[in-house]
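Colleague: Before I use this model, I should like to know on what grounds each structural term is applied. Could you take me through them?

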Amino acid sequence: MLQAQILDPVSFRTEFNKVSDDVAEIVFTATIDPGWHIYSTDLGEGGPISASFVLERATGAHEDGKLLPVGNEQAVYDKLFGMDVRYFEKTAKFVQRIRLEGGAYRVEGYLEYAACNDQNCLPPSEVPFMFTGTADITASPTDATDDDLSEEAQGVLSGEDAEINTSDSQQNLSNSPFSVLNSQFPDTWSPVISELRAFGESVGTVDRSWLYIFFTGFLGGLLALFTPCVWPIIPMTVSFFLKRSKDKKKGIADAMTYGLAIVVIYVALGLLVTLLFGASALNALSTNAIFNIFFFLMLVVFAISFFGAFEITLPSSWSNAVDSKAEKTTGLLSIFLMAFTLALVSFSCTGPIIGFLLVEVSTSGSIVAPAIGMLGFAIALALPFTLFALFPSWLKQMPKSGGWMNVIKVSLGFIELAFALKFLSVADLAYGWHILDRETFLSLWIVLFALLGVYLLGKIKFPHDDDDARVSVPRFFLALASLAFAVYMIPGLWGAPLKAVSAFAPPLHTQDFNLYKNEVRAQFDDYDLGMEYAQRVGKPVMLDFTGYGCVNCRKMELAVWTDPTVGSLMNDDYVLITLYVDNKTKLPEPVKVVEKGKERTLRTLGDKWSYLQRVKFGANAQPFYVLIDNDGKPLNKSYAYDEDVEKYVEFLQSGLRNYQHK
C-alpha cells in the first residue's frame, strides 16, 4: 500500500524558440518516469485533466493557435471515464506558437498537466514560464504563414532539440504582479509529517502487483498440473530419469534439470510476448475494444475446447521432431528437448490456461509481468518432477489418472467462459451497445456458476465425463462453493455493490434498477469550513484527498465505502471532508506561497487542496485518507489505495480510539 510521500514522476524543460522575426514557439519537453503517463490536450468534459496552455500576462505578443501535442501519443478507451483518452509515456512535447508584435515583449504563464499511473493520479501540476526580449519585425505580421512553424509545431519530430535563443531570458517568477496573501493560514494547516511518522508512516511503496502476478501464474500452473495432458506424464518421466542412470544422484540431478528446463521455456515465452508487443502496447490492450473482443472470442473457444467439443493441439510433427532430436542427443540438450516436448504435447490442456494468464497479466502494463506470470506457472508445473525425483516413494501415493481430471478441465471451461464476459464488457462500454449492462453481466455469471455447481454434483455430463454417478467429498464442497457464489451475486441484480466482483462487473451506473441506497456522502468540500464544524460538534475528521479523474478513488468508493460498517463509521462518527485536488474553481484571488524555497501560485481550489496535502501531510498522490482531531493533528497513519475492507474498518476504528483517549 502506498504511504505518504511526494511523488515527482515528470520533469519538464521549457524553451523559447524563434521561428521567424515575428513567430516564436514555447516548447515544453517532458521526461516521464516508467509506469507513469501524462494526458494530452482537448480530452473533453467528464474525463481526466487535459494538458492546457495558460498565458497570464503578455506584452508585445499574443497566442497564435492552440497548444499542440507532439510525440508518440497513445489513444485508448477508458472504461471508467466512458470515453477515449490520449496520453504520453516516457517522453512528450507540447508546442505553443506565439505571435510577436514588434519591439519589446514579455510573456508569462504556465502549462498545466496531469500525471497518473496504474495506482495513483497526481493533482494538476503547472510548469511556469516567463520570457522577455525584443522582436525586430521587418515584415508585416500578417505575412507570416503556417510555413513559419517549426517541424515540432507541425507534429514532426526531428529527434533533435530546437536551438534556444539565448538572447531571451527566462526571468525569476518572483517578479509576477500577483498579490501575496499576507495573513497566515489557520493553525490547522500546520505540518504534521513528523506526527504521522510517529504512527509508523513510511515513505515509499510496496508494489504487490508482481507478487500477485506470480501467484496468479503459480495457481494456473497447479491447475494445469492436474489436467489429463500433464498428470499422467509425471510418474513416467521421473521413473525414466531415475532408471536410465545407475547413479541415483545423477538421476535426481537430471530430473531437477528437467524441471529447470520447463521454467526456462515458459519464462522465455513470457519474455517473447513482451518483446513482440512492448509494455505500452500491452497496457493499451486492456482498454482497446477490438482486442477485448478478440480476447473474448479466444476465451470462448478455449472454454468450448475444455468442455470437450474439440482439442486444441499443435501439429504432431512438431512434437515428433523434437522428441526424435531428444533421443539422438545427450546431456543437457537432451533434457531440454524432452522438456520442450512436454510443452508441445500438453498444449491442448495448458494452452487455454497460458492464454488466459498471458491476457490477464499482459494488460497490467508492466514490461516484466508476462515473464513473472510464466515464472509462477512454470515453477508450479516443474515442482512435482523435482519432488518425486527426490522422494520416489511418493510416486506410489499419487492419485491415479481418471475422470476427475476431466472434471477439472470442464470446470476451467466454465471459469474461462465467465472471465470472457469481462473482456466483452469492455468492448460493450466502448461501442455503447448496452448489451452487457451490469444486471445482464451478473445474470450470466449467476447462471454460469450455478451450472458449474450443478455439473460438479454430477447432474450434467460432457463428452469425456465418466458415467460414475458418485460425487467425491472435495467435488461436493466445490459445488457448494460455486452455488453459494451464484446466490451471493443475486442481490447485485437490485444494486448491491458485490465487492467480490467489483473488479470484473460493469460499473454500477450501467444498472437500470438499483435499490441500494447505502452511500457515503461528504459533509464538506472545504477544509476550513469542515474543521470549524468538527470543532463545534466535537467529532474527529476524515480527510479524503481525491480527484475527479482518479480511477482508484472511484474503486475505493465502490468496493470499500459501500460496506455497511465502513459507511456507518464514516457517516456517524466522523466529519467527512472531501477535497478534490483537480477542482478547477478559481480562487477569489491568486495566492503566492513558498514551498521548498520556490515560489508557487495557487490559482484554483484544487491547487489549494493539493498544497494542503503536500505541506501538511507530505503526500501528493490520490486516493489519500487521513484521520485528524479538531486541531488538525493525525490520529493514526494515513491510508491509500487498498481495497481490504477489514483494514479500512480497523483504520477508522483505531482513529476513533485514539481520538477518545486524547
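**Terms and their grounds**

Modeller: An open sheet has 4 strands in the order S7-S8-S3-S11, with antiparallel pairing. Strand S7 (74-78) and strand S11 (115-116) are at the edges with a single partner strand each, so one side of each has no neighbour in the sheet. The model is a predicted one, in which local features need pLDDT of at least 70 and side-chain atom pairs pLDDT 80 or more, while totals for chains, interfaces and linings use all residues. Numbering starts from 1 along each chain as its sequence is written, and side-chain values use heavy atoms, without hydrogens and water.

Colleague: Why are S3 and S11 called paired strands?

Modeller: Pairing requires at least two bridges found by DSSP, and strands are DSSP runs (E, at least two residues; helices are H or I, at least four), numbered from the N terminus. Strand S3 (residues 37-39) and S11 have 2 bridges in the antiparallel sense, so the requirement is met. Ile-38 lies opposite Ala-115 in S11.

Colleague: What makes S15 and S18 edge strands?

Modeller: They belong to an open sheet of 3 strands, S15-S14-S18, with mixed pairing. Strand S15 (575-580) and strand S18 (624-628) each have a single partner strand, so each has one side without a neighbour in the sheet. On average, neighbouring strands of this sheet are turned by 20 degrees against each other, direction ignored. Strand S14 (residues 541-546) runs antiparallel to S18, joined by 5 bridges, and Phe-545 stands opposite Phe-624 in S18.

Colleague: Which helix lies across S14, S15 and S18, and at what angle to S14?

Modeller: Helix H17 (residues 605-617) does, at about 120 degrees to S14. Angles run from 0 to 180 degrees between N-to-C directions, with axes fitted to C-alpha atoms, for helices over the stretch in contact; contact means heavy atoms within 4.5 Å.

Colleague: What makes Asp-22 and Arg-99 a salt bridge?

Modeller: The term requires a side-chain nitrogen of Lys or Arg within 4 Å of a carboxyl oxygen of Asp or Glu. The N to O distance here is 3.4 Å, so the pair qualifies. Asp-22 is in the loop between strand S1 (10-18) and strand S2 (23-32), and Arg-99 is in strand S9 (residues 91-100), 77 residues apart. The count by this rule is 12 salt bridges.

Colleague: How do you know what confidence the predictor has in the chain?

Modeller: Each residue carries a pLDDT, the predictor's confidence from 0 to 100. The protein chain averages 77, and 75% of the residues score at least 70. Among its elements, helix H13 (residues 473-489) has the highest mean pLDDT (94) and strand S13 (residues 169-170) the lowest (35). Over residues 139-183 the pLDDT is below 50, and over residues 203-208 it stays under 50.
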